[in-house]
Amino acid sequence: MSSGKLVELKENREHSFSIFHNGGRVGELSLSISSNKAELSVFIEEKERNKGYAASAVYDFLKDAHEKYDLNTIYAEYDGTYENWKHVLEHNGFEIVSRENGNVYYAHRRVTTAKDDDLKLDGREILYFAGGCFWGMEKVFKILDGVIETKTGYANGHTKNPTYADVCRNDTGYKETVRVIFDPACLSVEKLLKAYFLCIDPRQKNGQGGDIGTQYMTGVYYRNPALKEKLESVFAKEKAKYEEFYTELKPLEVFYEAEEYHQDYLTRNKNGYCHITAVDLEKVRALNAEEK
């Protein structure tokens, strides 16, 4: 297994690794594989907890675990005894699959990411919006009449096949982004951007609200050069409102669709986190009554 910046994994027996930090052993990671299930567990020495060692070890392990062991899904369990374990799992892309008797069961699925270079538009148009956590931004655009499809993903980074865990480490260059396919006969670029700027704060650098990091920076990315003039016109008007303005406008370089559990997240999780207020969402909804 590859070693990370914070810890090093050393295999001491089949499917079991000692976790080292600066040459000292701080814990152990193991994978229990039965005929129909693989379950991950991590133990960190009590005096070494809450230092990021578990998160780093799980991240490094997952980089090639699915391929190494030919596993589509790796499971884990949280029973409440080690509070940080819940955050480790969720930060590294595990999703909750069930709850039972106070325990929470998680699954990490083999990532299949897809670039949209060959996406067929057939008279439709497409723009990409980075505006903080992509769960909330996707909800914004689903409100607008004329939006045909939304997809959460990662835009304009420099690594191949990024995962959510990769992007969370803030060293890939990717931004949490929503791809919006829309009908230009029903919805204008100007109205799309109006909705976008209603829901972001362009004065905040590398973050939105309480979400801090380069993955949360704001930006609008386009594939069609014919849209550039309209986009620049709106951006010029928005920039004039502020002394500081950090929202970028660039051509799209690359976009990977996010993992399936990030798609339509707030539709499927009614009480899920959203950094965009209900007031903002109502303002966006009101745009449907305006002319294109």
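**Notes on the predicted model**

1. Let's start at one spot and work outwards. D166 sits in helix 4, which covers residues 164-168. This is a predicted model, so read everything below with that in mind. D166 has a relative accessible area of 14%, and because the cut-off for buried is under 20%, D166 counts as buried.

2. Who is around D166? Leaving out neighbours within four places in sequence, D166 is in contact with Y59, N161, D171 and T172. If you want a long-range distance to check in your viewer, take D166 and K10: the two are 156 residues apart in sequence, and their C-alpha atoms are 22 Å apart in space.

3. Now the overall picture. The protein has eight helices and 15 strands. Its radius of gyration is 21 Å, close to the 19 Å given by the globule rule for 292 residues, so the protein is as compact as a globular protein of that length. Along the principal axes, the C-alpha trace spans about 65 × 40 × 35 Å.

4. On packing and surface: of the 292 residues, 50% are buried. Among contacts with a separation of 6 or more, 68% are between residues 24 or more positions apart. The accessible surface is about 14700 Å², and carbon and sulfur atoms account for 44% of that.

5. Charges, for anyone setting up electrostatics. There are 40 positive and 48 negative side chains in the protein. The centres of the two sets lie 2 Å apart.

6. Which residues have the most contacts inside the largest nonpolar core? They are L127, F129, F141, L144, L192 and L193, in a core of 46 residues. F129 is worth clicking on: beyond four places in sequence, F129 touches F141, E176, T177, V178, V180, L192, L193, Y196, G219 and V220. There is also a second, separate core of 30 residues, and I19, A57, L71 and A76 are among its members.

7. Helix 3, residues 134-143, is mostly covered, with eight of its ten residues buried. The buried ones are F134, W135, G136, M137, E138, V140, F141 and I143. F141 also turns up among the residues with the most contacts inside the largest core, and F129 touches F141.

8. Two backbone angles to look at. Most residues other than glycine have a negative phi. D122, which is not a glycine, has a positive phi of about 50°. D122 lies in the loop between strand 7 (103-109) and strand 8 (125-131). Is D122 buried or exposed? With a relative accessibility of 72%, D122 counts as exposed.

9. The other angle belongs to D264, again a residue other than glycine, with a positive phi near 55°. D264 is in the loop between strand 15 (255-257) and helix 7 (265-268). Its relative accessibility is 29%, so D264 counts as partly exposed.

10. Last one: H15. Where is H15 found? H15 is in the loop between strand 1 (8-13) and strand 2 (16-21). Despite the loop position, H15 is buried, with a relative accessible area of 16%. Neighbours up to four places away in sequence aside, H15 touches L29, S30, L31, I33 and Y69.

Conventions. Residues numbered from 1 in each chain as written. Predicted model: local features only at pLDDT ≥ 70, side-chain atom pairs only at ≥ 80, totals over all residues. Heavy atoms only, no water. Helix = DSSP H or I, 4+ residues; strand = E, 2+ residues; numbered from the N terminus. Rg over C-alpha atoms; globule rule 2.2 N^0.38 Å. Buried < 20%, exposed > 50% of the residue type's maximum accessible area, 1.4 Å probe, protein only. Contact = heavy atoms within 4.5 Å. Areas by Shrake-Rupley, 256 points an atom, 1.4 Å probe, with all protein chains shown as cover. Lys, Arg positive; Asp, Glu negative; His and termini not counted. Charge placed at Lys NZ, Arg CZ, Asp CG, Glu CD. Core = buried A, V, L, I, M, F, W, Y, C linked by side-chain atoms within 4.5 Å.
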